Amino acid sequence: FNSFFLVFLPDCVVRTHYFKYFHPKECLVANGVLNRGIAQHAGKKLENFSQALSFVYPFGATLNIARPAVAVLSSGTVAFPLNRPVMAFCALPSRTRSGHPESGGGKLVVLGSCHLFSDSYIDKEDNDKLREVIFAFLTSDNVELNTLDSDDPEITDYCQVPDTCHLADLPRGCLQEAVDDVPTDYTRLFDHSLSSVNMDMVPAVLAAYEELQVKHEPLKLIPPQFESPLPPLQPAVFPPSFRDLPPPALELFDLEEAF
């Protein structure tokens, strides 16, 4: 979409705290309308038109938008990134060719989440009303965007967050206990030699052999000697098991004949 001045950013909109939906990427945006024309077409008349529609923005990214594209929805003030465009309308101007009548330039709607109109989220909040607004914009001229809101939408610049974990390992710690004053050039505070692999300590190790009067020779493997006390041996002798005598043989009596 670079030719239409629309770029998808490799990020994800998440909600900063839990509300109604469990997954952080299932972001509920309650004040994300950027153009009052969207609120008027949806039949919502509020003083703060940004709260006209509440929608669930699941697993979506943000956009970079330039004219002639117009941002109509944002991530709101609760999600992160803050107040970034998530949906845009683009009405291309009509063009005339030599010998051909004037033809419309077409319309384009770009949304940063393909899950917003899926079966799991189409009935959530006002997502279905957003679908009606999009279809009305593409198929008719009933959606009239406000010119003032289109020229100056309430969106913030994209802010890159530095790698705090990596930067925390570079400066020297305990600056408040340093004897010398903190230098003006802050680049001198970074010490990249704290963790390194070199041969600087080899001469000191060789000199330690003479001081400790230890013979310098290659290390050899010392066979281990495991000594563990053993209990006294006792023969496992059991008394023999003889076969028992069979029971005495008894005659069989017919009780009916005997009595």
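In this predicted model, lysine 107 comes out as partly exposed, at a relative accessible area of 32%. Its salt-bridge partner is aspartate 141, with 2.9 Å between the closest N and O atoms. Lysine 107 belongs to strand E9, while aspartate 141 lies in the loop between H2 and helix H3 (147-151), so the pair ties together parts 34 residues apart in sequence. Aspartate 141 itself counts as exposed, at 62% relative accessibility.

That brings in the sheet around E9. Three strands make up an open, antiparallel sheet in the order E6-E8-E9. Strands E6 (70-74) and E9 (107-111) sit at the edges with a single partner strand each, so each has one side without a neighbour in the sheet. On average, and ignoring direction, neighbouring strands here are turned by 15 degrees against each other. Five bridges hold the antiparallel pairing of strand E8 (residues 85-91) with E9, and cysteine 90 stands opposite leucine 108 in E9. On the E6 side, four bridges pair E6 with E8, again in the antiparallel sense, with alanine 71 facing alanine 88 in E8. Edge position or not, E6 has five of its five residues buried, so the strand is largely enclosed by the rest of the structure. Lying across E6, E8 and E9 is helix H2 (residues 127-139), which runs at about 155 degrees to E9.

Another antiparallel pair is formed by E3 and strand E4 (residues 55-58), joined by four bridges. Here cysteine 27 stands opposite tyrosine 57 in E4. Strand E3 (residues 26-29) is covered on both faces: Glu26 and Leu28 are buried on one side, and Cys27 and Val29 are buried on the other.

Back to the charged side chains: the count of salt bridges comes to six. One of them joins glutamate 125 and lysine 20, at 2.6 Å from N to O. This contact spans 105 residues, linking the loop between E9 and H2, home of glutamate 125, to the loop between strand E2 (14-15) and E3, where lysine 20 sits. Glutamate 125 is partly exposed at 29% relative accessible area, and lysine 20 is likewise partly exposed, at 49%.

A salt-bridge network links Asp128, Arg131 and Glu132. Within this group, glutamate 132 pairs with arginine 131, their closest N and O atoms lying 3.9 Å apart. Glutamate 132 is partly exposed, with a relative accessible area of 43%, and arginine 131 is also partly exposed, at 26%.

Notes:
Residues are numbered from 1 along each chain as its sequence is written. This is a predicted model: local features need pLDDT of at least 70, side-chain atom pairs count only at pLDDT 80 or more; totals for chains, interfaces and linings use all residues. Side-chain values use heavy atoms; hydrogens and water are left out. Two strands pair if DSSP finds at least two bridges between them. Helices (H or I, at least four residues) and strands (E, at least two) are DSSP runs, numbered from the N terminus. Axes are lines fitted to C-alpha atoms, for helices over the stretch in contact, and angles run from 0 to 180 degrees between N-to-C directions. Contact means heavy atoms within 4.5 Å. Buried means under 20% relative accessible area, exposed over 50%, partly exposed in between (1.4 Å probe, protein chains only). A salt bridge is a side-chain nitrogen of Lys or Arg within 4 Å of a carboxyl oxygen of Asp or Glu.
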